[in-house]
Amino acid sequence: MSASEPKKPTSRILGTAFEVPRTVISNDALAQVMDTSHEWIEKRSGICERRYVDDSEGSLPLAERAALKALEQAGLEVSDIDLLLFSTLSPDVDFPGNSALLQERLGMVGIPAMDIRNQCSGFVYGLSVADLYVSSGGAKNVLLVGAEVHSSGLEFSDRGRGVAALFGDGAGASVIGPADGDHGLLEITLGAEGRFADKLYTVGSGHQRKPRIDMDVAPPESGYMFPIMNGRYVFKHAVERMIESIRVVLERRGLTAADLSILIPHQANLRINQFVAQELELREDQVVNNIQKYGNTTAATIPILLTETLAAGKVEAGDLVCIVAFGAGFTWGAALYRW
Ligand code: UT7
């Protein structure tokens, strides 16, 4: 291979699947507990409904079912996995991380289990870690899960409406293994800018307090336990960083947005994705969205949308697929695949 020849892929997604809770929450249902309306939420975000776990569900059962389905898709057994990665901002317990808890549920005894805390970019960050393990020989097959339960941490009141209307629960999983010739991950880019951490964050459940949870300081009615977001600020940066990341991975291969078969963007707001598509001059059939049904499921969003896109027959072998995400931190990333 000459020095100028592009690097061949070393990893690819072998199987992918998702699980969402049974309970569908419409915009009208939210309008019964806060000052909002179906019209406002749909117009400003694209969301029509989302799913919430009930008392018998949690992110781990969802993640477990998604993982088993992804393994089946990949034609692999639990014992074929040698690294488990779990992306979430809403772990079942403070510690240990969800990766250890899922490892136990799946009976993946002894393999390394790692948590990734990168919010809406968590799955793209996970893809990068998985690719590095597979390409270095550190693992052959990696299970990457993204799962979130937001519904237990939203503020269902007029004060919380700007955030509560946007998020939903769900889980997705992908199995990443060795590339097959030219089919696999071509490029990946990641970024972060911590100076914007306070544009989307939760302060009240942090560990900087002594005692950690002091109900005199942060009672639920203070709002400190719930996410705080500067929506307009996050929106603007999401558009800019997603466009930039897509261009970075395409340019590394001498490609342009016109070469893309499908863009699989994070689902935070339909209008964010419309701006991205408009700026890159993408046709409607080059971009997929499902925020209408699930809202923003953070680390679970990409595998849920990827699975639905594959199931709909929208991706064929050889297609150029770009995955892009942006989230709290701020963090962002894009991955370019030859399917
Ligand atoms: O993955 C990263 C995570 N998050 C994001 O990327 C989110 C990015 N931001 C957004 O999606 C949008 O900024 C929002 C959907 C959050 C808000 O849309 P917006 O067009 O930026 O509205 P805004 O925040 O400027 O609010 C406009 C008005 C305000 O009322 P006033 O001050 O004009 O009287 C808000 O209080 O809309 C009000 N509002 C609502 N009204 C009804 C905010 N939330 C709601 C609501 N229902 N749920």
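Helix H7 is the biggest contributor to the shell around the ligand, giving four residues. The model is a predicted one, and the ligand is a good place to start reading it. Helix H7 runs over 231-252, and it shares the job with helix H2 (38-45), helix H6 (161-164) and helix H8 (270-279); these are the elements that give two or more residues to the shell. On the domain level, the shell takes at least three residues from each of domain 1 (11-181) and domain 2 (185-338).

As for where all this happens, the ligand sits in the second largest pocket. There are 22 residues around the ligand, and Thr-36, Arg-44, Gly-231, Arg-232 and Asn-269 come nearest. Sorted by character, the shell holds eleven nonpolar residues, alongside six polar and five charged ones.

Several side chains reach ligand oxygens with polar atoms. Arg-232, already listed among the residues that come nearest, places a polar side-chain atom 2.7 Å from an oxygen atom of the ligand. For Arg-161, a polar side-chain atom lies 3.0 Å from a ligand oxygen atom. Trp-40 joins in too, with a polar side-chain atom 3.4 Å from an oxygen atom of the ligand. Taken on its own, the ligand has 950 Å² of accessible area, and the protein covers 73% of that.

Away from the ligand, a few spots in the backbone deserve a look. Most peptide bonds are trans, and most residues other than glycine have a negative phi. Against that background, the peptide bond from Phe-95 to Pro-96 is cis, with omega near 0°. Pro-96 is found in the loop that links strand S4 (83-87) and helix H4 (98-106).

Another cis peptide bond runs from Gly-329 to Phe-330, this time with omega near -15°. Phe-330 also belongs to a loop, the one between strand S12 (320-327) and strand S13 (331-338).

Then there is Glu-281, which is not a glycine and yet has a positive phi of about 55°. Glu-281 is placed in the loop between helix H8 and helix H9 (291-294). Helix H8 has come up before, as one of the elements giving two or more residues to the shell around the ligand.

Definitions and conventions. Residues numbered from 1 in each chain as written. Predicted model: local features only at pLDDT ≥ 70, side-chain atom pairs only at ≥ 80, totals over all residues. Heavy atoms only, no water. Near = heavy atom within 4 Å. Polar contact = N/O pair within 3.5 Å; in protein donor to acceptor, adjacent residues only side chain to side chain. Areas by Shrake-Rupley, 256 points an atom, 1.4 Å probe, with all protein chains shown as cover. 1 Å grid on protein atoms, 1.4 Å probe; cavity = no way out; pocket = protein on both sides within 12 Å on 5 of 7 lines; lining within 4 Å. Sits in = over half its atoms within 2 Å of the grid points. Nonpolar A, V, L, I, M, F, W, Y, C, P; charged D, E, K, R; others polar. Domains from an automatic or database assignment.
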